[in-house]
Structure formats: C-alpha cells, structure tokens
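Colleague: Got a minute to go through this model with me? I'd like to start with how the helices pack.

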Amino acid sequence: MKNYTAEHVFALGYRAAADALTAALASGFDPAGDPERTFTSVGTGEFLTMPSRVGDDAGIKILTLAPHNPDKSLPFIQGTYLLCDAQTLTPRSLVDGIALTALRTPAVAIAAARPALRAIAAHVTLRPNVVAFGAGVQGEGLVRALADECGSGGVGFDALGSVTYAVRSPENVSESALAVGAGGSAGDVGTVKAGSDACRAAVEAADVIVCASAAKEAVFDDAWVQPHAAVLAVGAHTPQTREVPAETMGRARVIVEDQAVALRENGDVVRAIADGSLTEGAPISMKSLLGDEAAAKVETNAPSAPTVVTTVGMSWQDLVVAAAVARHAEGNAGFRKSCED
C-alpha cells in the first residue's frame, strides 16, 4: 500500500484541488447523496469517520479528537485517509489526514467563490485587498489559495493587493503567514487587532474577506462590508457558532456545499435563519452553481451585492482531493518512488 505524506498533499496545490472539486460536480456528482460524517465517543475522546464514493474512487477519513492531548504535547486532532477502489473497496493508499484537511478546506471555498472572484476581477479591481480573520492553518491557507488564483489560468487577478490578518494577538501571527506576499503575489502584508478601528478600516477597504476563526459570534459588522465583497467563511461548522453577521447573510448571495447540510450544521446559515435575516431556500448549493447543468453559465454581471461562501466540510471533498493527490504523485516519478512502502 502506498503512503502519501503532507509533502505529497501540498504538492498538488490549492488551484488543482479546487479544479478537481469543480470537475467532480461538473461530471454529475451530487453531494446530496454523500454519507453523513459520524462522531463516536470512546471515553478519552472521539473518532470522526467520513466515508464517501465518487466515480471510481471510494474512501474514508478517520480522525481522532483527544481533548487532553495538548496537555501531553500531542495534537488534539490526528488522522489519516484510506483511499480505495470503488468497485472492490480494496485499499490502495493512505493519505495524511491533517494535511488533506488543510488543503481541502481552502480549495472548497475557492471553487465555490470563483464566479464571484471573476466578477470582482472583471468589474472592480485586478488587485483585491484581503482581510483574513484568523492566521492559523486555514486562515493562511485561504490567503495562499487566493494568491494561487492570480496570474495566468486564474480568476483574472494580477496579484493580491494588501493582505491584513485581523486577530486577537497580532504579535503571535507566524512568519509563514506574513510571508504570503513573497515573490510579488501580494502587496503589503500586515496585522491588526480584531475589532479595532484599524480592523474596521481594513474590512471597509476589503474586496475579499476570509473568516477562519474560532469565533462564536460575528467577527465584523455588516456596515463595514462593501457591496461587491466576497466573503469566504470556513469556521462556523456547528449550528451554535457563526462568523458572518446575519445582516450580511440576508443581503448576500449565499453559497453552501449542500442545502441540507447547511441547514443542519452551518452556524452562519442556521443562526441567520433563526434571526429572520435568511430564508431556508435562499442558500445556493455548489451543485447548482458548478454542476453539469451550470457548466455553460458564465458570470458576466458586475457584483451588486456581497457573495458569502460558507462551508463546514463534507466527506466527498476529502475523497476527491485525496484521489487527486494520488494521481498527481503517480504522475511524478520522484514522488511515485517516495510513496512506496
């Protein structure tokens, strides 16, 4: 059995991962049929299992969540992905589960946001200003994924403009996160304290707002958001939490992975509905936006309202990206040798 490490996973890249997700939807796959993820308590923590099948591939992600591990200098979340043949369910390879999640999450948001990003590039600016609430793995990952969409073959941006991380402790933002502009992929990269006047000013100037925080309440005010802005939110993965204000959800075009999943698990959606700002039928699924029937549609109008892409993660996404990682490694002679046991 072959083993694909974090190096193999990140070698695929955010753009190729987003392309693979888009291709799966365009081929006719319907996320509505994806199995639900399952949490199983084992006393010292939980197992999270996420099985799926898409086309010729099947697989399952197994994560362990051990809340006392940080006290032992061990990760809270650990895991792996088992990639199988869909017909026989014969295991083919293992993929690093943590790296897979770190690549998949931004790639899903980017795939769903591309129509809105193309509209911004066509009608507003070629160098969008970005504010990221959160500078951890997902916050930095989403900024890097946006940078990957610049240049030839991307959504039409020349490069990112300013990048501002809005966090509770700006002094703790990593050197890696601050280096996202290396090589000219972005202009000034800086930090502000979340909720400060400087944070408000950064959001008011932002064309793209990234939300990848552990917040339980909205991280910005609706009045700060420009009419054309794209919001990419990945942190509200329980019904009790949210990152995006209900008012923004109510006036935005809301994109979700699947309507039923969003109504069950996505706090941005669930709480906006509870507040009366959003109707249950308002969110647009990625299948409707990017699926086979939507493949020929091209967004040509200037954006007149914000777009909010809010995601919680689904099993099919891990499978599609894991399969893409394996195929990419198989096409690289050096990687092919390194992943063989």
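Colleague: At what angle do the axes of helix α3 and helix α11 cross?

Modeller: Keep in mind that this is a predicted model. The axes of α3 (residues 97-123) and α11 (residues 315-330) cross at roughly 110° and come within 10 Å. That angle makes α3 roughly perpendicular to α11.

Colleague: Which residues make the contact?

Modeller: From α3 you have Leu100, Thr101, Leu103, Arg104 and Val108. On the α11 side, Gln317, Asp318, Val321 and Ala322 take part. By type, the contact of α3 with α11 has 5 nonpolar, 2 polar and 2 charged residues.

Colleague: Switching to cysteines: how many disulfides are there?

Modeller: The count is 0.

Colleague: Why is there no bond for Cys150?

Modeller: Its closest cysteine sulfur is in Cys211, and at 19 Å that is too far for a bond. Cys199 is in no disulfide either, with the sulfur of Cys211, its nearest, 10 Å away.

Colleague: And is Cys199 buried or exposed?

Modeller: Cys199 is buried, because its relative accessible area is 0%. Cys150 also counts as buried, at 13% relative accessibility.

Colleague: OK, zooming out. What secondary structure does the chain have?

Modeller: It has 12 helices and 14 strands. Of the 341 residues, 50% are buried.

Colleague: What radius of gyration does the chain have?

Modeller: It has 19 Å, which agrees with the value near 20 Å that a compact globule of 341 residues would have. Along the principal axes, the C-alpha atoms fill a box of roughly 55 × 50 × 45 Å.

Technical notes:
Residues numbered from 1 in each chain as written. Predicted model: local features only at pLDDT ≥ 70, side-chain atom pairs only at ≥ 80, totals over all residues. Heavy atoms only, no water. Axes fitted to C-alpha atoms, helices over the stretch in contact; angles between N-to-C directions. Helix = DSSP H or I, 4+ residues; strand = E, 2+ residues; numbered from the N terminus. Parallel < 35°, antiparallel > 145°, perpendicular 65-115°, else oblique. Contact = heavy atoms within 4.5 Å. Nonpolar A, V, L, I, M, F, W, Y, C, P; charged D, E, K, R; others polar. Disulfide = S-S within 2.5 Å. Buried < 20%, exposed > 50% of the residue type's maximum accessible area, 1.4 Å probe, protein only. Rg over C-alpha atoms; globule rule 2.2 N^0.38 Å.
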